[in-house]
Amino acid sequence: MRYKDSEVSIKTIPERIEGCGTFYECSCRYVGPVSGDGLSLADTENKIIAQFGIDSLLEKCAVSSKHFERYREKDFSFYGGGWQSWGFGGELGPGQKQKNYFPLIPQWKKYTTFPGKWPSDVGGKNPKSPSILKGQFLIYLRWENTYLVLASTAAFGNDDGNPLPPVQFYVDRKKRTVSVGIYADGKRWSRMELMGRLVVFSAKTFFALRDGVGFIFAEGRSERHACLEFLGGHDGIVKCAGWESWYNHYADINQKLIAADLDSLGGNGNIINSMYSQKNLPVVFQVDDGWEKSLGDWDANLERFPDGMTALATSISDAGYIPGLWIAPLIIDLRSETAKKHPDWILRAENGKPINAGMNPLWGAKFGSDQPSYPYSYFCLDLSRDDVLEHLDSLMEKAVNVWGFRYLKLDFLFAGMIDGKFANGGSAYLWYDRAVKKLTRRVINSSGERVAYLGCGLPFESSFMSFPLSRIGPDTKECWDIDWLRRINYTARTGAKPNLQSTLGHAFWDQKIFINDPDVIFLRYTNIKLDDGEKELIAMVNKMFASQIMDSDDTSDFSADDADFTEHVTNLYSQIEGEDFGLLNISPDVYKIFSRSGNFCGIINLSEKPHTLRKVELVNQVNYISGSHHDADLVELVPVVDNCVVAGDLYTSQKHTISVFKIAEAGGAE
């Protein structure tokens, strides 16, 4: 079939995944006009390449005709995935609309908004209308336990192995359509060139959803994951752990402070020492922002680190840890020496003005000759330039093979996808792909040791092949939420709640698309506004639904209270070890949780008020998922983590808590 300048072909994928319906692959090729050189005019806005009816997709892909008939023409919950790792990764319920960010700080809009110029209309509507739901890379529509999934496979490239542009989906609840758009501004197409490819399928449970997604993104996964097993894990399953300096010291770090944390990390009962180091498991020790001269000048600030970076990495290795370092290689402060020396490296607009990438008071001048944009803006590098690529390559050579760091957290990567007047023309997604492949090419250092890269603030789809280890939510923080940012609908805000929503929303990606880094846990009692229930919730969610446990507490200040709470959390971890957990949204803030084995159930409540479920609802959910046959009247729910008020068969979870129950035969026999 044809849609505007695109020819859309659909074929069945001959594969059966338990609990999933038929898989269909949709390919979209350019059939529009071309110039004398055989190429189209350059794209000037995101191009719509296909449109599908929701009910026709559901009918094609349904696990059974019963599922189709049950959900045809009915409203659905919506999951949009997020354009980059700081975006909202949770669900919206039936009838709910996405809230637009009120751009009080205009630079921050780039953190969460799909880049490029959006299409002028989608099916006769303004695509920025709140009546149109937007999602990127992978979306699903959910009716009860049934999911209809649309996933772009642009990450695997076109017919020649070259990258494809990232996808944004536009879902119209009223018209029941899904439109597919691509960000390829500046791209010129040849006749029949592949513009986009996606896979559509349905699943009848959370675990079928995860298995189906795993099937779609299985290509090269074993190799991508195996190279990271030195961080922990085996057989392609990677489980990481470590300590980082950010969420206690933030950018106010120095050599003496880091040395104290390094020295004390192995000297008390903190969770990284007790659960990993003492068991001879790998541990990362990551030095975060604050070590560098300035944003863009990636050398040691010798006032803070007088012995330099080689000595720092060596001290970490000598202590038995994997040296980790934070770098934001694609952004730059115009006050930096690098920007002063190479003003031609800065990405600019058509009018010649530098294009900002965001706002941070530490990274940009307030005004003056060093600030051609809004106050405190920082800027993008022009990734189309070969000398910029050489600069990035030499930076990583220095960090890996001169200094000796083996775990590189590369942050603010979304800046590489911002559109501008590239010195060499073309489209941002092509230059970004070239840059991140250059940044991550050293997987073994000059000493023969493995090197890992954690992507953060990264565009998910365009980073898939280069960053198997990825942050999958906004930064957490030692507080529950930041109210003024919540009220202006800023989804990339720091805070425990927005972080948890994305960690839970991306749970089905874990080990299937990325190795999910959920950010840090907090077990301390100083410099924190989280209560014990909130700290317990974060710790359990990170263990149950992601693959990296990172701590940021001050290890040189480990109190008796810290020790008691750490022992409590490690005891909880031991009780759920080896279990595979799934979840189902009751609302955007409340979730049923369950284990694949059928042994556990529970409730997560991120909302501001208690939520009540009947015992039979919890037990029946486990039965449906696992195929168990528990009789709610004949089993007990034995508390593992108990934050519920129980009255008869009513279980009322308290706000900001998790409750986990072991299902046992009445009388205590499991």
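A residue is called exposed when its relative accessible area is over 50% and buried when that area is under 20%. The structure open in your viewer is a predicted model, and the tour begins with two loop residues to which those cut-offs apply.

**Two loop residues**

Select Asn 280 first, in the loop between helix H8 (271-275) and strand E16 (284-287). Because its relative accessibility is 73%, Asn 280 counts as exposed, and its phi is near 60°, a positive value in a residue other than glycine.

Next, select Arg 176, which is found in the loop between strand E10 (167-172) and strand E11 (177-182). Phi of Arg 176 is likewise positive and near 60°, again in a residue other than glycine, but with a relative accessibility of 12% Arg 176 counts as buried.

**Into the nonpolar core**

Now turn to the largest nonpolar core, which has 215 residues; to find those with the most contacts inside it, select Leu 138, Phe 217, Trp 291, Leu 408, Phe 412, Phe 545 and Ile 604. Helix H11 (residues 386-403) gives the most to this core, contributing eight residues. Apart from the largest core lies another one, of 13 residues, including Cys 227, Phe 230, Ala 452 and Ile 515.

Return to Phe 412 and display what surrounds it: leaving aside residues up to four places away in sequence, Phe 412 touches Trp 86, Tyr 111, Trp 326, Ala 328, Ile 331, Trp 363, Tyr 378, Cys 456 and Gly 457.

Then select Leu 410, found in strand E23 (residues 407-410), which is buried with a relative accessible area of 0%. Which residues does Leu 410 touch, not counting those up to four places away in sequence? They are Ile 327, Pro 329, Met 396, Leu 439, Thr 440, Tyr 453, Leu 454, Gly 455, Cys 456 and Phe 467. For a distance to draw in the viewer, take the C-alpha atoms of Leu 410 and Pro 165, which are 245 residues apart along the chain and separated by 22 Å.

**Helix H15 and its neighbours**

Move on to H15 (residues 496-505), a mostly covered helix in which ten of its ten residues are buried. Among these buried residues are Lys 497, Asn 499 and Gln 501, along with Ala 496, Leu 500 and Leu 504. Show strand E5 (77-79), H16, strand E29 (581-587), strand E30 (590-595) and strand E31 (600-605) together, since the buried residues of H15 pack against these elements.

Keep H15 in view and add H16 (residues 532-545): their axes come within 10 Å and cross at roughly 20°. Because angles under 35 degrees count as roughly parallel, H15 is roughly parallel to H16, and H15 passes H16 in a left-handed crossing. To see the contact, select Ala 496, Leu 500, Thr 503 and Leu 504 of H15 with Leu 537, Ile 538, Val 541, Asn 542 and Phe 545 of H16. By class, the residues of this contact are seven nonpolar, two polar and no charged.

**From H16 to H17**

Finally, keep H16 and add helix H17 (residues 560-576), which packs against H16 at an angle of about 35°, with the axes 11 Å apart; this crossing is right-handed. On the H16 side select Asp 532, Lys 535, Glu 536, Ala 539, Met 540, Lys 543 and Met 544, and on the H17 side Phe 565, His 568, Val 569, Leu 572, Tyr 573 and Ile 576. The contact of H16 with H17 has eight nonpolar, one polar and four charged residues, whereas that of H15 with H16 has no charged residues.

Note on methods: Residues are numbered from 1 along each chain as its sequence is written. This is a predicted model: local features need pLDDT of at least 70, side-chain atom pairs count only at pLDDT 80 or more; totals for chains, interfaces and linings use all residues. Side-chain values use heavy atoms; hydrogens and water are left out. A nonpolar core is a set of buried Ala, Val, Leu, Ile, Met, Phe, Trp, Tyr and Cys residues joined through side-chain atoms within 4.5 Å. Buried means under 20% relative accessible area, exposed over 50%, partly exposed in between (1.4 Å probe, protein chains only). Helices (H or I, at least four residues) and strands (E, at least two) are DSSP runs, numbered from the N terminus. Contact means heavy atoms within 4.5 Å. Axes are lines fitted to C-alpha atoms, for helices over the stretch in contact, and angles run from 0 to 180 degrees between N-to-C directions. Angles under 35 degrees count as roughly parallel, over 145 as roughly antiparallel, 65 to 115 as roughly perpendicular and the rest as oblique. A crossing is left-handed if the near helix is turned anticlockwise from the far one by less than a right angle, and right-handed if clockwise. Ala, Val, Leu, Ile, Met, Phe, Trp, Tyr, Cys and Pro count as nonpolar, Asp, Glu, Lys and Arg as charged, and the others, Gly among them, as polar.
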